[in-house]
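Reader: I have not looked at this structure before. Please take me through it by question and answer.

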Amino acid sequence: MDIVNISPKVSGPVSGDIGTAINPPRPVHLLQRIVESKFKEDSNINALHTQEPELIFSPTEHLNISPPCQRFTFKDLKLPRPTTAASPIAATSPFPLFAAAAIPLLRKALLNPTYLNKTASVYSNSTLIIRNTAAYSAFFRKIWTHPMVMRAVSDAAGVELEVFMETVEIGHANVQIDFKKYQGMEHAKCMQAISKGLTSGEFALEAAGSGRSGVAVRGQKEIEDEIFGDGGSIIPWHYDSYPFVCVAMLSDTTDMIGGETVIQRGDGTFQGISQPSAGFATILQGGFVRHLALRARGTTDRITLVTSYRAKAVGLYDGSFLTNVRPYTNLNVLYPQWIAFRNKILSREQNLSVSFIAKYNRHTERQMIPKLHIDQLVARFGIAVFYTVIDGYVSGKVFASAPMACPLCMCKAGGGVGKAHIAICPGVKSKWMPYSELWIDVQRSRVMLRNSSISFEATTCRPDIVAVVEKFRDEGREWGMADELAVQGLAEYLVELLALFGIVVGA
Ligand SMILES: [Fe+2]
Ligand SMILES: [Zn+2]
């Protein structure tokens with residue numbers, strides 16, 4: 001199927017009446033061309049090169065692959081397997097992937113001072129996030145896309161995987177770091193110092209401690225204490241934006257305690273997945289299982305590589321979001337790769353209905369919140385709120401300190417501003433992006449929900465989306481913009497919308 005042939009005049013059954021009348025849908029190939037030409041400088045990976053001598057990748061020297069001892073199915077975790085979950089495997093125990101000889105080279109390529117300034121951003125006072133290393137390092141690109149590595153991660157996952165997007169998600173790393181050491185330094189200088197600190201001395205040598213598979217999983221009681229205690233988890237409960245993730249360790253974990261990935265089982269209990277040792281990796285179907293990451297102790301140096309995948313199967317709906325990555329990714333790189341990858345997935349499919357294609361393309365487009373808008377929101381609210389706002393909205397937690405009277409329409413009815421009022425407030429449409437196509441989406445969703453026809457939750461089967469819709473149905477109220485933003489994973493806009501109502505989402 002050639003997507004270039006999509007007629008701009010035809011669109012989905014509902015958008016036909018509401019959408020096209022106001023704003024005819026743009027053909028996606030046109031959108032792709034606009035996005036690509038706009039961001040050309042940043043996304044042209046061939047133009048980028050380093051002055052460092054090239055690290056040579058050798059599969060025999062740098063790979064050391066064995067399958068995982070344990071694989072947890074959805075059934076093992078007492079979870080129903082969503083129909084769009086491509087494999088019955090929800091998670092694996094750590095398995096060997098990279099040989100000890102590869103560790104210092106991976107660190108060198110990841111922290112290369114000639115481009116670290118472009119790939120790294122400060123995420124919090126203890127975490128540096130590195131993105132898109134594969135655009136700068138052939139070594140990284142080769143090792144992660146090598147057939148043996150692709151085979152290993154696919155076998156562990158129980159289905160053939162493909163890396164999500166061209167380069168952005170290859171060479172993503174979370175680097176735990178003590179920024180106090182670098183206080184007062186400007187960004188470029190700071191990156192130089194971090195690079196030197198983490199690639200020289202002991203770090204330049206072949207990593208020790210890769211003999212065991214992972215950091216021991218603690219007992220159920222200890223895990224619960226960490227989850228419910230204060231500040232135990234470094235990443236709160238969430239689903240990943242993409243279906244599969246591979247987490248590989250680049251640090252010596254000999255003295256490391258904890259740091260488990262914890263999965264919530266269907267019965268409410270917890271499954272701890274141990275942190276891999278240096279050179280080891282784990283696979284998680286993170287788009288479909290609710291999980292968090294506990295803090296690791298006993299170590300200061302901790303570098304994990306996080307690579308994201310989807311199943312390469314034809315006929316499998318891709319319900320991926322950019323929610324988790326937008327706030328810390330160079331959008332000039334992210335958006336062209338996102339749209340190209342989404343189009344590639346679509347181009348493999350056959351016999352898709354026009355309304356399906358319209359829905360798919362709409363999802364692709366909606367994920368690309370303008371850079372300026374995100375920058376302003378991050379400056380105003382910080383980054384942490386974007387990772388908690390959807391959960392807080394759905395559970396109702398964000399309304400704990402909501403104002404009694406609505407600041408938009410001044411009404412005082414019914415015990416404070418809540419979900420029901422936000423959905424129907426007569427003041428909101430003129431105050432929040434009145435010309436946005438998202439208002440058309442709200443209308444479309446209302447019609448769909450009323451007809452209980454196939455909707456977003458049925459298409460994606462993502463448990464987080466299903467939860468939003470189920471909760472909404474329980475509440476017996478009207479569907480509104482906040483609900484629409486929640487199911488579309490547009491956390492940044494949701495924060496902005498709630499703030500208009502005087503609801504400030506705390507970190
Ligand atoms: Fe995750
Ligand atoms: Zn109101």
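Reader: How many residues does the largest nonpolar core have?
Author: This is a predicted model, and its cores are sets of buried nonpolar residues joined through C-beta atoms within 7 Å. Val153 and Ala248 have the most contacts inside the largest of them. Helix H11 (residues 331–347) gives this core its largest share, 7 residues. The size of the core is 88 residues.

Reader: How many residues are in the other core, the one with Val389 and Ala423?
Author: That core lies apart from the largest one. Val495 and Phe501 are also among its residues. It comes to 37 residues.

Reader: Which residues does Ala248 contact, leaving aside its neighbours within four places in sequence?
Author: Ala248 is one of the residues with the most contacts inside the largest core. Neighbours within four places in sequence are left aside here. The contacts are then Leu97, Phe98, Pro276, Ala281, Thr304 and Leu305.

Reader: How much of the protein chain is buried?
Author: The chain has 507 residues, and its secondary structure comes to 21 helices and 16 strands. A residue counts as buried with 20 or more other C-beta atoms within 10 Å. The buried share is 44%.

Reader: What share of the contacts with a separation of 6 or more is between residues 24 or more positions apart?
Author: The contacts counted are those in the protein chain with a separation of 6 or more. Of these, residues 24 or more positions apart account for 81%.

Reader: Which residues of strand S7 point to the buried face?
Author: S7 covers residues 173–176, and its side chains alternate. Asn174 and Gln176 point to one face and are not buried. The residues on the other, buried face are Ala173 and Val175.

Reader: Which strands pair with S7?
Author: Strand S5 (residues 127–130) pairs with S7 in the antiparallel sense over 4 bridges, and Thr127 stands opposite Gln176. Strand S16 (residues 302–311) is also antiparallel to S7, joined by 4 bridges, with Ile303 as the bridge partner of Val175. The partners are therefore S5 and S16, since a pair needs at least two bridges.

Reader: Is Asn132 buried or exposed?
Author: Asn132 lies in the loop between S5 and helix H7 (138–145). Its contacts beyond four places in sequence are Thr119, Thr167, Val168, Gly171 and Val333. With 28 other C-beta atoms within 10 Å, Asn132 is buried.

Reader: How far apart are the C-alpha atoms of Asn132 and Val168?
Author: Along the chain, Asn132 and Val168 are 36 residues apart. Val168 is among the residues that Asn132 touches. Their C-alpha atoms are separated by 3.9 Å.

Reader: What is phi of Met165?
Author: Met165 is in the loop between strand S6 (161–163) and S7, and is buried, with 25 other C-beta atoms within 10 Å. Most residues other than glycine have a negative phi. Met165 has a positive phi, near 75 degrees.

Reader: Is Met410 buried or exposed?
Author: Met410 is in the loop between H14 and H15. Its phi is also positive, near 65 degrees. Because it has 8 C-beta neighbours inside 10 Å, Met410 counts as exposed.

Reader: How far apart in space are Met404 and Gly502?
Author: Met404 is in the loop between helix H14 (389–395) and helix H15 (419–424), and is exposed, with 10 other C-beta atoms within 10 Å. Gly502 comes just after H21 and takes a positive phi of about 80 degrees. The two are 98 residues apart in sequence, and C-alpha to C-alpha the distance is 9.8 Å.

Reader: Why is helix H21 largely enclosed, and which helices do its buried residues pack against?
Author: H21 (residues 491–500) is largely enclosed by the rest of the structure because 7 of its 10 residues are buried. Among them are Tyr493, Leu494 and Val495. The helices they pack against are helix H13 (371–381), H14 and helix H20 (481–487).

Reader: Where is the pLDDT below 50?
Author: The mean pLDDT of the chain is 86, and 86% of its residues reach 70 or more. One stretch below 50 has 44 contacts beyond near neighbours in sequence, and another has 9. These stretches are residues 1–25 and residues 43–48.

Definitions and conventions: Residues numbered from 1 in each chain as written. Chains lettered and ligands numbered in written order. Buried ≥ 20, exposed ≤ 12 C-beta atoms within 10 Å, placed from the backbone. Contact = placed C-beta atoms within 7 Å. pLDDT = per-residue confidence, 0-100.
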